[in-house]
Amino acid sequence: MMQSTIYQHLTTLCEKIGPRPIGSAPNRAAADYIQQVFAAAGLQTERQEFSCVEWRLDEVQLELDGEVLLAAANTFSPPCTVAGPIALLSTLRQLESADLAQKIVLLCGELATGPLAPLNSPIYLPEEHKKLGELLRAQSPLAVVMISPEMDAPVVMIDDWTLPIPSVTVSAAVGRMLLNQSGQPLKLTMRSQRDPGASCNVIGHVDRQAGKSIVVCAHYDTKFGTPGAFDNGSGVAALLALAQVLPARVRGVDLEFIAFSGEEYNGLGDVEYLRRFGLEPVRFGEMRNERAPAFNHIQAAINIDGVGLLSGTNTIALVNESVALQQAVTDALQNYLAISQVAPWPASNHYTFYAHGVPCIVLGNNGGADLVHRPTDSIEWVSAPKIEETVQLVIELVAAITLD
Ligand SMILES: [Zn+2]
């Protein structure tokens with residue numbers, strides 16, 4: 001019964017609706033669906049609207065001497081039709097002293113070890129990324145070309161909507177070829193549009209007047225171009241299943257079910273959620289885990305992000321946990337031998353709560369690194385029974401928390 005409900009939530013989100021990035025019509029369709037499920041479960045629903053960017057891509061083409069190369073537009077890239085010689089750069093010092101006017105920059109080496117953090121990121125912005133972002137803006141090349149870590153697939157490496165320079169990512173195979181073409185003419189044509197947009201968190205409460213609450217959350221947005229089944233259709237399917245069964249099992253405490261949006265892009269939904277409590281996001285590295293008085297009512301926050309992967313192991317992690325909470329998890333795990341307790345990891349919505357001192361329970365899965373944010377993250381990779389396993393564990397843990 002529960003497995004078929006979970007499966008239905010998954011197919012609706014990942015197949016009927018599909019990729020649901022911030023600002024898009026499918027993102028709003030997913031919000032509507034979630035709100036309907038919350039309301040049908042008898043919850044008091046609320047939307048927390050926030051503004052974001054709406055980006056559309058119609059066409060991208062990268063050419064070397066008339067030959068078309070495999071390239072992906074980096075998310076939020078502005079449109080362009082530009083042509084110029086390749087300038088190859090591998091260090092910040094080269095970038096500082098180069099003359100890049102009328103050139104197309106190919107970044108490699110220490111400038112391209114992974115995705116570039118957006119310059120306006122409120123949470124994650126390492127010093128080298130900040131410097132690279134600032135230098136690119138100051139040098140203002142015609143366009144930027146990044147190289148994907150994957151041989152045959154261009155995995156997008158920039159998603160900064162404040163970057164005024166058009167950019168693409170090429171596969172590692174194309175990148176390797178281009179590294180021998182310094183000075184040769186590249187041409188980039190990008191037909192895209194960047195407009196003001198909107199998205200929202202969807203929240204369902206059991207009883208707002210209860211005084212204390214337990215948060216259960218999952219993000220429903222995806223990166224562009226991925227069905228987002230594992231990341232994070234799976235977590236939302238679990239969240240919706242919990243919204244349907246948990247309220248009948250608790251008394252005297254509010255359950256606050258939060259479907260966050262914008263987790264994939266700057267944590268925009270988290271920023272909005274915090275703003276309504278008069279709180280600010282905490283930067284990585286500046287965390288003190290002090291309990292914010294505005295969050296005193298939250299007994300625990302349970303976040304579900306990427307569970308039920310067929311080929312992986314479901315995991316649970318605790319942050320800011322009391323001895324009693326760790327004991328409750330240890331006891332519950334006696335009946336869940338297929339779930340492993342792992343060290344806490346920061347990068348998801350629970351960070352919003354644990355950076356402000358709230359005890360957190362995080363459900364995830366230790367696989368899927370080659371799947372997340374890719375077009376291949378489809379429902380064939382996730383299993384309704386394995387998602388249900390995490391749902392049942394959460395039900396047990398909520399019962400244990402509300403007992404004491
Ligand atoms: Zn996720």
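Below is a short chat about a predicted model of a single chain.

User: How many helices and strands does the chain have?
Analyst: This is a predicted model, so keep that in mind throughout. Counting secondary structure along the chain gives 10 helices and 14 strands.

User: What radius of gyration does the chain have, and what would a compact globule of 404 residues have?
Analyst: The C-alpha trace spans about 70 × 40 × 40 Å along its principal axes. For 404 residues, a compact globule would come out near 22 Å, and the chain agrees with that, having a radius of gyration of 22 Å.

User: What share of contacts between residues at least 6 apart joins residues at least 24 apart?
Analyst: Buried residues make up 57% of the 404 in the chain. As for contacts between residues at least 6 apart in sequence, the share that joins residues at least 24 apart is 79%.

User: How much of the exposed area comes from carbon and sulfur atoms?
Analyst: The chain exposes about 16400 Å². Carbon and sulfur atoms supply 52% of it.

User: And the charges: how far apart are the centres of the positive and negative sets?
Analyst: There are 26 positive side chains and 43 negative ones. Take the centre of each set, and the two lie apart by 4 Å.

User: Is T81 buried or exposed?
Analyst: T81 sits in strand 4, residues 80-89. Beyond its neighbours within four places in sequence, T81 is in contact with K187, L188 and T189. Its relative accessibility is 59%, and the cut-off for this class is over 50%, so T81 counts as exposed.

User: How far is T81 from L125 in space?
Analyst: In sequence, T81 and L125 are 44 residues apart. Going C-alpha to C-alpha, the distance in space is 30 Å.

User: Which kind of aromatic pair do F76 and Y265 form?
Analyst: The structure holds 17 aromatic pairs, so let's look at this one. F76 and Y265 have 5.1 Å centre to centre and 75° between the planes. Planes over 60 degrees apart put a pair in this class, so it is edge-to-face.

User: Why does that pair tie together distant parts of the sequence, and how many residues apart are they?
Analyst: F76 lies in the loop between strand 3 (71-73) and strand 4, while Y265 is in the loop between strand 10 (254-260) and helix 7 (268-275). Both F76 and Y265 are buried. Because the two loops are that far along the chain from each other, the pair ties together parts whose separation in sequence is 189 residues.

User: Which residues form one aromatic cluster with F76 and Y265?
Analyst: F76 and Y265 belong to one aromatic cluster. The other members are W55, W161 and F224.

User: Is T75 buried or exposed?
Analyst: T75 is in the loop between strand 3 and strand 4. Not counting residues up to four places away in sequence, T75 touches W55, V156, I158, D159, D160, F224 and Y265. With 6% relative accessibility, against a cut-off of under 20%, T75 counts as buried.

User: How many of the 8 residues of helix 7 are buried?
Analyst: The buried residues are L268, G269, D270, E272, Y273 and L274. What covers them includes strand 1 (44-64), strand 8 (185-205), strand 9 (213-219), strand 10 and helix 9 (350-354). Helix 7 is largely enclosed by the rest of the structure, because its buried count is 6 of the 8.

Technical notes. Residues numbered from 1 in each chain as written. Predicted model: local features only at pLDDT ≥ 70, side-chain atom pairs only at ≥ 80, totals over all residues. Heavy atoms only, no water. Helix = DSSP H or I, 4+ residues; strand = E, 2+ residues; numbered from the N terminus. Rg over C-alpha atoms; globule rule 2.2 N^0.38 Å. Buried < 20%, exposed > 50% of the residue type's maximum accessible area, 1.4 Å probe, protein only. Contact = heavy atoms within 4.5 Å. Areas by Shrake-Rupley, 256 points an atom, 1.4 Å probe, with all protein chains shown as cover. Lys, Arg positive; Asp, Glu negative; His and termini not counted. Charge placed at Lys NZ, Arg CZ, Asp CG, Glu CD. Phe/Tyr/Trp six-rings, centres within 6.5 Å; stacked < 30°, edge-to-face > 60°.
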